[in-house]
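Reader: I would like to go through this model with you, one topic at a time. Could we start with the terms you use for exposure?

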Amino acid sequence: TKEYRKPTRQGDIDLRRIPGLDILSDKALVGFLKVIIEVNRDTQLLAYRDDERLSTPGSDDGFLLRMGFGLHAGWAIEGA
């Protein structure tokens with residue numbers, strides 16, 4: 001049995017009480033990890049690291065592709 005704790009703020013929802021949310025969250029996290037892995041394996045994207053047009057003058061560092069992700073449990077959020 002799981003211990004129930006009262007939410008700390010008014011309007012907070014105890015997400016542990018939503019059936020299947022833990023499995024859904026795990027699947028979303030695995031999906032993000034798969035995208036990150038594929039981005040770092042893709043030969044076309046990796047070729048951009050050596051493109052001199054994209055590097056900062058005076059720097060030995062190549063171009064790096066950065067992607068940001070966010071997970072949200074609750075009301076849907078669109079845009080960014």
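Author: Certainly. A residue is called buried when its relative accessible area is under 20%, exposed when it is over 50%, and partly exposed in between. Please keep in mind that this is a predicted model.

Reader: Where does Phe 63 fall on that scale, then?

Author: Phe 63 has a relative accessible area of 30%, so the residue counts as partly exposed.

Reader: And which aromatic pair does the search of the structure find?

Author: The search covers the whole structure and returns one aromatic pair. That pair consists of Tyr 48 and Phe 63, arranged edge-to-face, with 6.5 Å from centre to centre and 65 degrees between the planes. Both Tyr 48 and Phe 63 lie in the segment after H2, so the pair ties together parts that are 15 residues apart in sequence.

Reader: Is Tyr 48 buried or exposed, or something in between?

Author: Tyr 48 is partly exposed, because its relative accessible area is 41%.

Reader: What sits in helix H2 itself?

Author: Helix H2 covers residues 43-47 and includes Leu 45. Leu 46 is also placed in helix H2. With relative accessible areas of 33% for Leu 45 and 26% for Leu 46, each of these leucines is classed as partly exposed.

Reader: What does Leu 46 touch, leaving out residues up to four places away in sequence?

Author: With those residues set aside, Leu 46 touches Asn 40 and Arg 41. As for Phe 63, its C-alpha is 9.0 Å from that of Leu 46, and the two residues are 17 apart in sequence.

Reader: Let me change topic. Which residues make up the nonpolar patch on the surface?

Author: Its members are Leu 29, Leu 33, Val 35, Ile 36, Ile 37, Leu 45, Tyr 48, Leu 54, Leu 65, Met 67, Phe 69 and Leu 71. Together they have about 1000 Å² of accessible area.

Reader: Which helix gives the largest share of the patch?

Author: Helix H1, residues 21-41, gives the largest share, with five residues.

Reader: Why is Leu 46 not on your list, when Leu 45 is?

Author: Patch residues must have over 30% relative accessible area. Leu 45 is at 33%, whereas Leu 46 is at 26%, so Leu 46 does not pass that cut-off.

Reader: Now the charges. How many salt bridges are there, and between which residues?

Author: The count comes to one salt bridge. It joins the side chains of Arg 53 and Asp 51, at 2.7 Å from N to O. In general, side chains of opposite charge can pair when their charged atoms come close. The side chains of Asp 51 and Arg 53 are also listed as joined by a polar contact of 2.7 Å.

Reader: Are those two partners buried or exposed?

Author: Arg 53 is exposed, with a relative accessible area of 73%. Asp 51, in contrast, is buried, with 16%. Asp 51 is placed in the segment after H2.

Reader: What about Asp 50?

Author: Asp 50 also has its place in the segment after H2. At 67% relative accessibility, Asp 50 counts as exposed. Asp 50 and Asp 61 are eleven residues apart in sequence, and their C-alpha atoms are 9.1 Å apart in space.

Reader: Finally, the whole chain. How many helices and strands does the protein have, and what percentage of its residues are buried?

Author: The protein has two helices and zero strands. Of its 80 residues, 5% are buried.

Reader: And what about the exposed area and the contacts overall?

Author: The protein exposes about 8000 Å², and carbon and sulfur atoms supply 54% of that area. Among contacts with a separation of 6 or more, 40% are between residues 24 or more positions apart.

Notes: Residues are numbered from 1 along each chain as its sequence is written. This is a predicted model: local features need pLDDT of at least 70, side-chain atom pairs count only at pLDDT 80 or more; totals for chains, interfaces and linings use all residues. Side-chain values use heavy atoms; hydrogens and water are left out. Patches are made of residues with over 30% relative accessible area and no salt bridge: like charges are joined within 9 Å, nonpolar side chains (Val, Leu, Ile, Met, Phe, Trp, Tyr) within 5 Å. Accessible areas come from the Shrake-Rupley method with a 1.4 Å probe; for residues, only the protein chains shown count as cover. A salt bridge is a side-chain nitrogen of Lys or Arg within 4 Å of a carboxyl oxygen of Asp or Glu. Helices (H or I, at least four residues) and strands (E, at least two) are DSSP runs, numbered from the N terminus. Buried means under 20% relative accessible area, exposed over 50%, partly exposed in between (1.4 Å probe, protein chains only). Contact means heavy atoms within 4.5 Å. Rings of Phe, Tyr and Trp (its six-membered ring) pair if their centres lie within 6.5 Å; planes under 30 degrees apart count as stacked, over 60 as edge-to-face and the rest as tilted. A polar contact is a pair of N or O atoms within 3.5 Å; within protein, one must be able to donate a hydrogen and the other to accept it, and residues adjacent in sequence count only if both atoms are side-chain atoms.
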